[in-house]
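Here's a quick tour for anyone opening this structure for the first time. Have a look at it below, then read on for the main stops.

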Amino acid sequence: MIFKTDTAKKTAELLLQINAIKLQPDDPFTWASGWKSPIYCDNRVVLSYPVIRNYVRETLARHIEELYGKPDVIAGVATGAIGIGALVADYMNLPFIYVRPEAKGHGRKNQIEGYIEKGQTVVVVEDLISTGKSSLNAVKALNEAEVQIKGMVGIFNYGFDVAKDNFKNADIELHTLSNYDNLLEQALDTHYITKAQQDILADWNANPSEWNAN
């Protein structure tokens, strides 16, 4: 789910403006997974733009309180959401932790970095949702720490069916500032892309693993 349409459109506009999201239907990117993709999203770029960073921080914080009240702890998913998660926690005057993809192989061998107690309430912050695998891996670690996960918020969601199924199966509520559908609408409205390019981008989103630029 997204928060509100106006928020979704504004967030999409800002992400396009700073090239946190790039749309290249005529010159696709190659993801680490090997997928060919007409879109590339790196929301860590947000941290380099104070006005946009503050907008994201404050909007996420406001919606966390509206959706869940004030949790005991904010958790960021490493590595992309560590920065924005810490900013949200600071704005809300809450403790912050972050969750690694896996436990360290040395030292205290932590997967969760920071201090948290059993039974505490947690809202998880993500920067980007694709399949949801890494996000839900963090959720699994938090469940093993016996905390109460109230939900997850994020900046952008590709809206893949596999992610919807994964979050539903994990019984985790997800809300993001913007998503793929609103991104395409905003990009078309501002002439960032043409209608023909919008169609290409929509086709990719419907079946990203099989999509071919040709």
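Before the ring cluster makes sense, one rule is needed: rings of Phe, Tyr and Trp (its six-membered ring) count as a pair if their centres lie within 6.5 Å. With that in hand, Trp 31, Trp 35, Phe 156, Tyr 158, Phe 160, Tyr 180 and Trp 204 turn out to be linked by ring pairs into a cluster. Keep in mind that this is a predicted model. The stops below cover the rings, a helix, a position from a record, and the empty spaces.

**Aromatic rings**

- How many aromatic pairs are there by this rule? The count comes to ten.
- Take Trp 31 and Trp 204: their rings sit edge-to-face, 5.6 Å centre to centre, with 80° between the planes.
- Trp 31 is in the loop between strand E2 (29-30) and strand E3 (36-37), while Trp 204 belongs to helix H7 (residues 195-206), so this pair ties together parts that are 173 residues apart in sequence.
- Are these two buried or exposed? Trp 31 has a relative accessibility of 14%, so it counts as buried, and Trp 204 is buried too, at 0%.
- Trp 204 also pairs with Tyr 180, and here the arrangement is tilted: 5.6 Å centre to centre, 50° between the planes.
- That second pair links distant parts of the chain, with Tyr 180 in helix H6 and Trp 204 in helix H7, 24 residues apart.
- Tyr 180 has just 2% relative accessibility, and because buried means under 20%, it counts as buried.

**Helix H6 and what covers it**

- Tyr 180 brings us to helix H6, which spans residues 180-189. Its buried residues are Tyr 180, Asn 182, Leu 183, Leu 184, Gln 186 and Ala 187.
- What covers those buried residues? The cover includes helix H1 (5-17), strand E1 (21-23), strand E4 (39-41), strand E9 (148-157), strand E10 (174-179) and H7.
- Gln 186 is a good one to zoom in on: its relative accessibility is 11%, so it counts as buried.
- Leaving aside residues up to four places away in sequence, Gln 186 touches Lys 9, Ala 12 and Glu 13.
- Just after H6, His 191 takes a positive phi of about 65°.

**Over in helix H7**

- Asp 199 is another residue of helix H7. Its relative accessible area is 36%, so it is partly exposed.
- For a sense of distance, pick out the C-alpha atoms of Asp 199 and Ile 149: they are separated by 38 Å, and the two residues are 50 apart along the chain.

**A position from the record**

- UniProt lists Ser 130 under "binding site", and the entry is an unreviewed one.
- Where is Ser 130 found? Look in the loop between strand E8 (121-129) and helix H4 (133-144).
- With 26% relative accessibility, Ser 130 counts as partly exposed, because it falls between the 20% and 50% cut-offs.
- Not counting residues up to four places away in sequence, Ser 130 touches Tyr 158, Phe 160 and Ala 163. Tyr 158 and Phe 160 are also members of the ring cluster.

**The largest pocket**

- About 700 Å³ of space lies in the largest pocket.
- Its lining is made up of 27 residues, and those nearest the centre are Cys 41, Asp 127, Leu 128, Ser 130 and Ser 134. So Ser 130, the UniProt position, turns up here again.
- E4, E8 and H4 each supply at least two residues of the pocket lining. The largest share comes from E8, with four residues.
- Sorted by class, the pocket lining has twelve nonpolar, ten polar and five charged residues.

**The cavity**

- What about enclosed space? Searching the whole structure gives one cavity of 30 Å³ or more.
- The volume of the largest cavity is about 50 Å³.
- Which residues line the largest cavity? They are Asn 43, Arg 44, Val 46, Leu 47, Gly 80, Ile 84, Asp 127 and Ile 155.
- By class, the cavity lining has four nonpolar, two polar and two charged residues.
- Asp 127 lines this cavity, and Asp 127 is also among the residues nearest the centre of the largest pocket.

Technical notes. Residues numbered from 1 in each chain as written. Predicted model: local features only at pLDDT ≥ 70, side-chain atom pairs only at ≥ 80, totals over all residues. Heavy atoms only, no water. UniProt positions renumbered as here; feature names shortened; annotations may be inferred. Buried < 20%, exposed > 50% of the residue type's maximum accessible area, 1.4 Å probe, protein only. Contact = heavy atoms within 4.5 Å. Phe/Tyr/Trp six-rings, centres within 6.5 Å; stacked < 30°, edge-to-face > 60°. 1 Å grid on protein atoms, 1.4 Å probe; cavity = no way out; pocket = protein on both sides within 12 Å on 5 of 7 lines; lining within 4 Å. Points joined across faces, edges and corners; volume = space filled by probe spheres on them. Nonpolar A, V, L, I, M, F, W, Y, C, P; charged D, E, K, R; others polar.
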